[in-house]
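Please open the structure in a viewer and keep the selection tool at hand. The tour proceeds by selections, each followed by a description of what is there.

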Amino acid sequence: MDLDLRKLRYFTAVAEHGHFGRAAERLHIAQPVLSRQIRALERELGCELLERTTRSVRLTAAGEQLYADAPSVLAAAVAATRRAYGAARGARRLVLGFAPGLTVSPAVRAFAQAHPDVEVELLHLNWFEQAEAMRDGRADVGYLRQPFDPAGLKTLRVGSEPKVVCLPAAHPLAARRRVRHADLDGEHVIDAQTRRISTIEEKLELVAAGLGITMIPRSVARYYSRPDVIHRTISDAEEFEICLAVADGHRRPHLEDFVTIAARVLSG
């Protein structure tokens, strides 16, 4: 039976933390989604992997064995995927993955001036797969925004950006230029922990419909700007860190040059 590697990675996180909530936070997905994925993995394997209680989870004998085997299975799959993608792309091509709202064109232009013979492909990444694209080999380098699971990646900070709250245009707080966290007390916040959402567009549709508010990076709010949703900076919120990321041990031609050039250009 072939294992679903994503489900296996989710299982490993639960096993490491002994708790669905903490594992979901690390993976940056909703806890119910994580629970469904583990149940699906157990059905596929035909055995229980976890003993669940109201406070924690423990590994069964089958779970202990799968947890022991998981690192080698994941490492082999990642290595094979990288080799396949690398062979398909060839030595004169780099794939740059980027998170929603981030602008990569200045770095691409600067790199093209130094290496006109290298083609740079762009890969738009959903918020829930930022780091995964580097680990599974779809992208050689990522221009990403925290938070994400950094396991298996080397990251280089290149900047940060404010967190904003998105409100329906008719919301009372929309008249202000800035808000504080205390101003948002009692508001219904739409996020992955409270509602199954896969895209920014879905979030903003819910906000526009008056079903809640959401907090996102300023560049994302500007990129997906619409007249029925207003965004305001949260003055006392921590900023989102922006970074470049590559997989540990990833050695493609011109990759180091790209990271050096991109870090200089994107930090400006």
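The stops below go from the whole chain to helices, a loop residue and strands.

**The whole chain**

Begin with the entire chain displayed, bearing in mind that this is a predicted model. The secondary structure comprises 9 helices and 11 strands. Along the principal axes, the C-alpha atoms fill a box of roughly 55 × 55 × 25 Å. Of the 268 residues in the chain, 46% are buried. Among contacts between residues at least 6 apart in sequence, 71% join residues at least 24 apart.

**Helices α1 and α2**

Select residues 5-17, which form helix α1, together with residues 20-27, which form helix α2. The two axes come within 8 Å and cross at roughly 125°. An angle over 115 but not over 145 degrees counts as oblique, and α1 and α2 are therefore oblique to each other. Their crossing is right-handed. To see the contact, display the side chains of Tyr10, Ala13, Val14, Glu16 and His17 in α1, and those of Phe20, Arg22, Ala23, Arg26 and Leu27 in α2. By class, this contact of α1 with α2 has 6 nonpolar, 1 polar and 3 charged residues.

**Helices α1 and α3**

Keep α1 in view and add helix α3, residues 31-45. Here the helices pack at an angle of about 115°, with their axes 9 Å apart. α1 and α3 are therefore roughly perpendicular to each other. α1 passes α3 in a left-handed crossing. On the α1 side, the contact is made by Lys7, Leu8, Tyr10, Phe11 and Val14; on the α3 side, by Leu34, Gln37, Ile38, Ala40, Leu41 and Glu44. Sorted by class, the contact of α1 with α3 has 8 nonpolar, 1 polar and 2 charged residues.

**Threonine 60**

Next, select threonine 60, which lies in the loop between β2 (57-59) and α4 (61-89). Is this threonine 60 buried or exposed? With a relative accessibility of 12%, threonine 60 counts as buried, because buried means under 20%. Apart from neighbours within four places in sequence, threonine 60 is in contact with Glu48, Leu49, Leu50 and Glu51.

**Strand β11 and its partners**

Move to residues 240-247, strand β11, where 7 of the 8 residues are buried. Add residues 141-145 to show strand β5, which pairs with β11 in the antiparallel sense over 4 bridges. Then add residues 153-161, strand β6, which runs antiparallel to β11 and is joined to it by 8 bridges. Which residue of β11 is the bridge partner of arginine 145? The partner is isoleucine 242. Isoleucine 242 is also the bridge partner of glycine 159.

**The four-stranded sheet**

Finally, select the strands β8, β10, β7 and β9, which in that order make up an open sheet with mixed pairing. β8 (178-179) and β9 (214-217) stand at the edges with a single partner strand each, so one side of each has no neighbour in the sheet. Helix α7, residues 200-208, packs on this sheet and touches β7 (163-168), β9 and β10. The direction of α7 makes about 140° with that of β9. Now zoom in on β8 and strand β10 (residues 229-234), which run parallel and are joined by 2 bridges. Within this pair, valine 179 stands opposite isoleucine 234 of β10.

Technical notes: Residues are numbered from 1 along each chain as its sequence is written. This is a predicted model: local features need pLDDT of at least 70, side-chain atom pairs count only at pLDDT 80 or more; totals for chains, interfaces and linings use all residues. Side-chain values use heavy atoms; hydrogens and water are left out. Two strands pair if DSSP finds at least two bridges between them. Contact means heavy atoms within 4.5 Å. Axes are lines fitted to C-alpha atoms, for helices over the stretch in contact, and angles run from 0 to 180 degrees between N-to-C directions. Angles under 35 degrees count as roughly parallel, over 145 as roughly antiparallel, 65 to 115 as roughly perpendicular and the rest as oblique. A crossing is left-handed if the near helix is turned anticlockwise from the far one by less than a right angle, and right-handed if clockwise. Ala, Val, Leu, Ile, Met, Phe, Trp, Tyr, Cys and Pro count as nonpolar, Asp, Glu, Lys and Arg as charged, and the others, Gly among them, as polar. Buried means under 20% relative accessible area, exposed over 50%, partly exposed in between (1.4 Å probe, protein chains only).
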